[in-house]
Amino acid sequence: MKKKSFIIMTILGPLLMAATIILPAFLADWSEATKKRVAVLDETGWFHEKFKDQDNITFYYIYDDLETSKENAIHEKGDLLLYIPRTQLNIPVNAQLYSTIQPGLNVTTYIRTVMKKEIENRKLLASGIDPEVIKSAKTNINLTTYRIEEGGVEKKSNTEVEVGLSIFAGIMIYFFIFMFGAQVLKGVMEEKSSRIVEVIISSVKPFQLMMGKIVGIALVGLTQFFLWIVLTALFLGIFQSGLFGGSIPENLAQWDQSGQVIEQSIQTENIGLDKLELVKEIIDGINFRVMIFSFIFYFLGGFLLYASLFAAIGGAVDQDADTQQFMLPVSIPLIFSVMMTGVIINQPDSSLSMWLSFIPFTSPVTMMMRIPFGVPLWQIWTSAVLLILGFIATTWLAAKIYRTGILMYGKKVSYAEIWKWLKNK
Amino acid sequence: MSLLQAIDVAKSYAGHKALDKVSIDVEQQSIFGLLGPNGAGKTTLIRIINMILAKDSGEIFLEGKKMTPSHTQFIGYLPEERGLYKKMKVGEQALYLAQLKGMPKQEAYTKLKEWFDKFDISSWWHKKVEELSKGMQQKVQFIVTVIHQPKLLIFDEPFSGFDPINVNLLKEEILKLRAEGATIIFSTHNMASVEELCDHIALINNSKVILSGEINEIINRFKANIFEITYKSPKELLLDKEGFTVLSTNRTNGTFNSRIKITGSGSPNELLHAIMPQAEITSYREVLPSINDIFIQEVNNAQHE
């Protein structure tokens, strides 16, 4: 029944994911493709020959008055005009850029940077300091953090990488639980509203029907997850070779085979190569087996926990409109755990983070966020056992509500009503 | 021999008694009518037989053995609230439901084709359920209920939503199924069809069985010794005498139609003797109560108690 939408989602998901990674880089490249020429009318004379030609910008200097320059540069040649007027304090902090088109961020940024640097240098010189001294005093710090694992093994770690991975994993779990949980809810409601449910439960037990639906959709979810990873990697490959003629743009080079994007600042001038090396080393340091295994575990555990509650809601309500009042309290812990992202990535080892990753309702998202930073084994075990106990409990409760609910038609359910069902044998 | 026996089955929901020590006995290869007003507990009893609901106490035996969940394979159930997956194709869905009842796929396919041909709906096989009208869906539901040739068939309001032609088709099929050995429990408000089809009935009111037995025996039990006589005569006969009470008389042209209750010493033959010399009798028959009358009377009586 849902074959079509599954196939669409399976292909569209990775396409979108690949696109969100590739597109910004691609668009940035594309939008700068047109060359711009900037005429510089510098009345101060401070910036003569200071503007160097860039990839897509060329500079030339003119010495007319402003009006003639405007006429020549802008209207006749279609260029941009940078006008730096003489100022009273003799420090040209104001400049004007005229053009018939949108100048673009890279043009304005470059101009601003050059002017700022030049003025600073001149100010330093005026105070008797050689800018070269300042330059040589500037230092780049590469702080490599090592995490000492149990048994004394040192692992190179990088907080930036871990944060990225942590957020990615947490959001993915959240997204998967909600997306497939909603499918369980929809499926149960469909069976109830189409009235087929009584036919089916005369052949199988209500519990079997409920669990069958939940487990079935969980397997669909896992299948989709794996297909996404494979397809995203595939699409990225195609995009890269197709759009960039085989050359990988700078900010895509950090794409690693496992499908994680490592954020990195653009200042790769000096330390770019070192950093790439470092990233590679860190990736080797991340235990992907643990990551994938725990993702599967927390996805399944969290999904079983929430999906059984969603199934109970679907079984209890009669109309779409009634779902809202029950959906909200069920979704709150899940939404809350995503809202805690900031707290957890700042202090993955705090006792708040620890407790959040123990409580079965929040543990799937929060534990996945903590795992990239390294979590003591006993905590993982505690959290896992609690999660298993948690979903056994919710499934047991849900089964009771579901069993009574699916045979109730045309009755508006309330919490009091559900409480009565729970007390039924 | 009885196929299904329910003994003292009780069930209550949060303080409300839905079934109060209900016992029924359904004979093999018979049609058993389960009657009762709305909310009497019919559907609860049916759901308990289907193992959809758990009973609080009492026993249910199928062919003399205590019912277990595996027995549901021998039951075909058409619930009152029924439906199909709307987005699924008709044939695909019928196959799925047949397999759910434990039929092997190939066998299910062959049988379904037979039934679809019989009901003249083979062209629907590849249609989506949502494209079918309600009556059409009911046909498909009927087929999937009987497809696995269950020993016991339970129909809850099977005729609702059918036009008269299809009601007849369905009645014929139900009788045919009985002839082939099936036992049928049949819950309805349609009293005419009860008289026509049922061998036994049980009347449930307020979670209790208030009347049960063989249908003709029940009708005899409730007959009031009223006879209806039609005769041709220039004037109305005076029949009020010892043993006879005239309840009503209608006159159309030269024909009179009287309902006469025979009481005490009187007998139907005496009545005939009394009329024969005086007029030409065109019809004479005993007025038997309809199941409808009995139903209303008994339910009212039970409420007055």
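**Sheets, packing helices and chain contact in a predicted two-chain model**

In chain A, A:Val38 stands opposite A:Leu80 of strand E3; strands (E, at least two residues) and helices (H or I, at least four) are DSSP runs, numbered from the N terminus. The model is predicted, so that local features need pLDDT of at least 70 and side-chain atom pairs count only at pLDDT 80 or more, while totals for chains, interfaces and linings use all residues. Residues are numbered from 1 along each chain as its sequence is written, and chains are lettered from A and ligands numbered from 1 in the order in which they are written.

The pair A:Val38 and A:Leu80 belongs to the parallel strands E1 (residues 36-42) and E3 (residues 80-84) of chain A, which are joined by five bridges. A:Asp42 likewise has A:Ile84 of E3(A) opposite. Of the five residues of E3(A), four are buried, a residue being buried if 20 or more other C-beta atoms lie within 10 Å of its own, exposed if 12 or fewer, and partly exposed in between, with C-beta atoms placed from the backbone. E3(A) also runs antiparallel to E4(A), with three bridges between them; here A:Tyr83 has A:Gln96 of E4(A) as its bridge partner.

These strands are part of an open, mixed sheet of four strands in chain A, with the order E2-E1-E3-E4; two strands pair if DSSP finds at least two bridges between them. Strand E2 (57-62) and strand E4 (96-98) of chain A each have a single partner strand, so one side of each is without a neighbour in the sheet. On average, neighbouring strands of the chain A sheet are turned by 25 degrees against each other, direction ignored. Helix H2 (residues 66-76) of chain A packs on this sheet and touches E1, E2, E3 and E4 of chain A, its direction making about 160 degrees with that of E3(A). Axes are lines fitted to C-alpha atoms, for helices over the stretch in contact, and angles run from 0 to 180 degrees between N-to-C directions.

Chain B holds an open sheet of four strands with antiparallel pairing, in the order E12-E13-E11-E14. Its edges are strand E12 (244-252) and strand E14 (280-287) of chain B, each paired on one side only. Neighbouring strands in the chain B sheet are turned by 20 degrees against each other on average, direction ignored. Strands E11 (residues 226-232) and E13 (residues 255-262) of chain B run antiparallel and are joined by seven bridges; B:Tyr231 stands opposite B:Phe256 of E13(B). Helix H8 (residues 268-275) of chain B packs on the sheet, touching E11, E12, E13 and E14 of chain B, and makes about 20 degrees with the direction of E11(B).

Between the chains, 15 residues of chain A are in contact with 20 residues of chain B, contact requiring C-beta atoms, placed from the backbone, within 7 Å. Helix H6 (residues 197-201) of chain A supplies four residues, the largest share of the chain A side. That side comprises seven nonpolar, four polar and four charged residues; Ala, Val, Leu, Ile, Met, Phe, Trp, Tyr, Cys and Pro count as nonpolar, Asp, Glu, Lys and Arg as charged, and the others, Gly among them, as polar. The predictor gives the complex an ipTM of 0.78 and a pTM of 0.71.

A:Arg195, in the loop between helix H5 (159-193) and H6 of chain A, has a positive phi near 65 degrees. A:Arg195 is partly exposed, with 16 other C-beta atoms within 10 Å.

How values were computed
Two residues are in contact if their C-beta atoms, placed from the backbone, lie within 7 Å.
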